[in-house]
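Here are my notes on the structure, set out as numbered points. Please read them beside the coordinates.

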Amino acid sequence: MATVNYPTNIPLPQRASQNMTMDTPFKAVQPAVGIPIFIEQTSDLKATWSLTWIFTLQQAQIFKSWLRSPNYCNNGNAWFNMPIDIGDMQGVQVQEIHFTSDGFPVQTSKDGITVTWTAKIITRGLNDVTEDFDDWIVEAPTGWGDYWLDYVASKELPEDQSQ
């Protein structure tokens, strides 16, 4: 993991403005006749987000100083850890991220004591606490959808230990 952490004394990006996209893991080849052929390229997929922060003047100063300081983000050159919502029930999860060259943080507005910054970030790979439980989440009986962890702990794990 990166050694630089996002400051804990300023807000995270706005959840409503976190637009995540992921790489396409395959290439499509369209033959002259017939349906496309899909060829797997990689399983190492990065994710990117477009983010918006809304800060007070003091928080904006902290963010700007963290971004520029060689002890922290080093003008955006350093990878850093930041909790971010990956769009599921688990809420925010820490990701190792970097600002992109086409989405370096910019102050997009200042209205009185409110300052808005936007940026685009990229991950080396998506960290997801549910990854080891994909099969159980997908195949859980109806009604367990909101309580997949309860299902895993009470129904699946005891059966796995008896094997």
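1. I begin with the salt bridge in which the side chains of R124 and E96 meet, at 4.0 Å from N to O; a salt bridge here is a side-chain nitrogen of Lys or Arg within 4 Å of a carboxyl oxygen of Asp or Glu. R124 lies in the loop between β9 and α2 (134-139) and E96 in strand β7, so the pair ties together parts that are 28 residues apart in sequence. Helices (H or I, at least four residues) and strands (E, at least two) are DSSP runs, numbered from the N terminus.

2. On provenance, this is a predicted model, in which local features need pLDDT of at least 70 and side-chain atom pairs count only at pLDDT 80 or more, while totals for chains, interfaces and linings use all residues. Residues are numbered from 1 along each chain as its sequence is written, and side-chain values use heavy atoms, with hydrogens and water left out.

3. The two partners of point 1 fall into separate exposure classes: R124 is partly exposed, with a relative accessible area of 46%, whereas E96, at 13% relative accessibility, counts as buried. Buried means under 20% relative accessible area, exposed over 50%, and partly exposed in between (1.4 Å probe, protein chains only). R124 has a further contact to note, since its charged end sits over the ring of W79, 4.1 Å from the ring centre; the criterion is NZ of Lys or CZ of Arg within 6 Å of the ring centre and within 35 degrees of the ring normal.

4. How many salt bridges does a search of the whole structure find? The search finds two, and D102 forms one with K120, the closest N and O atoms being 3.6 Å apart. This pair links distant parts of the chain, with D102 in the loop between β7 and β8 (106-111) and K120 in strand β9, 18 residues apart. D102 counts as exposed at 60% relative accessibility, and K120 as partly exposed at 27%.

5. Turning to the interior, the largest nonpolar core has 24 residues, of which W53, F63, W66, M82 and F99 touch the most other members. Such a core is a set of buried Ala, Val, Leu, Ile, Met, Phe, Trp, Tyr and Cys residues joined through side-chain atoms within 4.5 Å. At least two residues of this core come from each of β5 (47-56), α1 (57-68), β6 (80-85), β7 (92-99) and β9 (114-123), and the largest share, five residues, comes from β5.

6. F63 deserves its own entry: leaving aside residues up to four places away in sequence, it touches Y6, I10, W53, F55, F99, P105 and W117, where contact means heavy atoms within 4.5 Å.

7. The structure holds nine aromatic pairs. Rings of Phe, Tyr and Trp (its six-membered ring) pair if their centres lie within 6.5 Å, and planes under 30 degrees apart count as stacked, over 60 as edge-to-face and the rest as tilted. F63 and W66 form a tilted pair, 5.9 Å centre to centre with 40° between the planes; both lie in helix α1, three residues apart, about one turn of the helix, and both are buried. W66 also pairs edge-to-face with F80, at 4.9 Å centre to centre and 90° between the planes, and this pair joins helix α1 to strand β6 across 14 residues. W66 is buried with a relative accessible area of 4%, and F80 with 0%.

8. Finally, Y6, W53, F55, F63, W66, F80, F99, F104 and W117 form one aromatic cluster.
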